[in-house]
Amino acid sequence: MSEDQSPFLKACRGEKTDYTPIWLMRQAGRYMQEYREVRERTPFMDLCANSDLAAEVTVTAVERIGADAAIIFSDILLILVPMGMDLTYGKGEGPILGNPIRSGADVDRLCEAPPEALSFVYEAIRKTRASLKPETPLIGFCGAPFTLASYMIEGGGSRNYAETKTLMYTDSGAWHALMNLVSRSLVKYVKKQIEAGAQVIQIFDSWVGCLSPEDYREFVFPHVRLLLDSISGDVPVIHFGTGTATLLDEQKKAGGDVIGLDWRVNLGETWDRLGNVSVQGNLDPCTLLGDRETLSKRAGEILRQAGGRPGHIFNLGHGVLPMTSVDNVKFLIDFVHEWKVDA
Ligand code: 1CP
């Protein structure tokens with residue numbers, strides 16, 4: 001089978017497949033023993049910067065669980081370093097940006113990321129592509145402008161995005177300048193990933209669900225549109241967010257060949273409403289922590305809602321949680337593969 005005819009790429013293009021393709025966000029990560037062993041010896045940023053190790057972690061994960069696509073091991077925040085941000089990953093605390101952006105003057109101190117500053121990512125993509133089975137497609141990715149700006153402004157993760165919204169509401173000039181700078185950096189970064197061999201790009205707008213539809217339209221839409229317009233046509237793009245039930249129509253308008261759905265929406269009804277687009281999702285990652293009866297029941301409900309329509313990529317509604325059992329992940333993947341799509 002050529003990669004181009006793989007179920008995952010066909011589903012991205014909205015073509016019919018013999019079974020529903022599945023991969024899991026964060027499929028290489030702390031829930032996997034092999035990953036924990038690599039991390040015991042290697043700090044997270046060193047792992048990302050080491051293209052041999054990043055390729056190894058990527059390939060090990062996809063082969064171990066039997067997913068239909070690999071996602072390059074990296075992180076959405078790495079691009080912030082060549083833009084002028086001071087990034088560290090504290091033990092168990094998540095990422096910390098030491099010099100948060102709080103004003104127009106702070107924005108002025110940043111620069112567009114020179115794409116060659118991330119050459120270790122392109123190198124990891126090339127090495128991963130060379131060692132993956134030919135029929136397994138490789139996903140490249142980046143954070144979306146809003147989600148990246150929120151880390152830059154908050155200085156890390158956030159519960160209510162108060163600093164982010166403060167800048168947005170009090171200095172819309174600085175806000176749009178920041179979003180534009182991030183978007184321009186992302187266009188070049190994504191194009192380089194495609195050149196290196198990424199066959200699909202996923203845009204992670206993980207935290208955009210904290211916005212109202214009005215704020216999305218005014219403060220986010222033009223930037224996501226610019227990003228997606230600039231990369232569209234090269235390879236399929238998956239446009240993902242969480243908590244986005246009220247934003248999905250706008251997100252679809254902004255662009256993407258595949259729209260990511262989380263578990264808070266009914267996949268069937270939402271797909272009916274969105275219409276002509278592929279969809280990815282949408283199992284609650286916590287169902288992998290429960291018993292197999294519940295897991296297969298919930299997975300079956302999603303497959304029944306998709307109803308064999310071409311263009312469904314099975315995934316979780318967000319990343320795999322660290323306490324997940326690998327056996328449950330494999331059970332889910334087998335369950336989805338064995339499902340008769342015409343049923
Ligand atoms: O299979 C994979 O794991 C692919 C690699 C991958 C991806 C796609 C990693 C590795 N990070 C990401 C994307 C990413 N990073 C997102 C978008 C996806 C999502 O919403 O889950 C986000 C928001 C980040 C930021 C980030 N980096 C966080 C979240 C912190 C928060 O605010 O809640 C964390 C914990 C990191 C570090 C990180 N990145 C990746 C891993 C495996 C880790 C954990 C590091 C470790 O403990 O080993």
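Start by selecting Thr60 and Glu56: a polar atom of the Thr60 side chain lies 2.7 Å from the backbone oxygen of Glu56. Keep in mind as you go that this is a predicted model. Color helix 4, residues 51-65, and you will find Thr60 within it. Is Thr60 buried, exposed or partly exposed? Its relative accessibility is 29%, so Thr60 counts as partly exposed. For a sense of scale, draw a distance from the C-alpha of Thr60 to that of Pro285: the two are 225 residues apart in sequence and 21 Å apart in space.

Next, bring up the ligand. Look for it in the largest pocket. Show the surrounding shell and you should have 23 residues, with Ala28, Tyr35, Tyr151, Ser206 and His318 the closest. What is the make-up of this shell, by nonpolar, polar and charged residues? There are 14 nonpolar residues, five polar and four charged.

Now zoom in on the stretch that includes Arg26, Gln27 and Ala28, and check its polar contacts with the ligand one by one:

- Ala28: a polar backbone atom is 2.4 Å from an oxygen atom of the ligand.
- Gln27: here too a polar backbone atom is involved, 3.1 Å from a ligand oxygen.
- Arg26: this time a polar side-chain atom is the partner, 3.2 Å from a nitrogen atom of the ligand.

With those contacts on screen, switch on the ligand surface: alone, the ligand exposes 870 Å², and the protein buries 87% of that.

Stay with Arg26 for a moment. This residue belongs to the loop between helix 1 (7-12) and helix 2 (33-41). With a relative accessible area of 57%, Arg26 is exposed, because the threshold for that class is over 50%. Check its backbone as well: phi is positive, about 60°, although Arg26 is not a glycine. Most residues other than glycine have a negative phi.

For another positive phi, jump to Tyr161, at about 55° and again not a glycine. Tyr161 sits in the loop between helix 7 (145-154) and helix 8 (162-170). Its relative accessibility is 7%, so Tyr161 counts as buried.

Then select Gly281 and Asn282 and look at the peptide bond from one to the other: it is cis, with omega near 0°. Asn282 is part of strand 8, residues 278-283.

Finish at Gly317, in the loop between strand 9 (312-316) and helix 14 (326-338). Gly317 is buried, at 0% relative accessible area. Which separation do you get from its C-alpha to that of Asp262? The answer is 3.7 Å, for two residues 55 apart along the chain.

Definitions and conventions
Residues are numbered from 1 along each chain as its sequence is written. This is a predicted model: local features need pLDDT of at least 70, side-chain atom pairs count only at pLDDT 80 or more; totals for chains, interfaces and linings use all residues. Side-chain values use heavy atoms; hydrogens and water are left out. A residue is near a molecule or strand if one of its heavy atoms lies within 4 Å of it. A polar contact is a pair of N or O atoms within 3.5 Å; within protein, one must be able to donate a hydrogen and the other to accept it, and residues adjacent in sequence count only if both atoms are side-chain atoms. Accessible areas come from the Shrake-Rupley method with a 1.4 Å probe; for residues, only the protein chains shown count as cover. On a 1 Å grid over the protein atoms alone, a cavity is a set of points where a 1.4 Å probe fits but cannot get out, and a pocket is an open set with protein on both sides within 12 Å along at least five of seven lines; lining residues have an atom within 4 Å of a point. A molecule sits in a cavity or pocket if more than half of its atoms lie within 2 Å of its grid points. Ala, Val, Leu, Ile, Met, Phe, Trp, Tyr, Cys and Pro count as nonpolar, Asp, Glu, Lys and Arg as charged, and the others, Gly among them, as polar. Helices (H or I, at least four residues) and strands (E, at least two) are DSSP runs, numbered from the N terminus. Buried means under 20% relative accessible area, exposed over 50%, partly exposed in between (1.4 Å probe, protein chains only).
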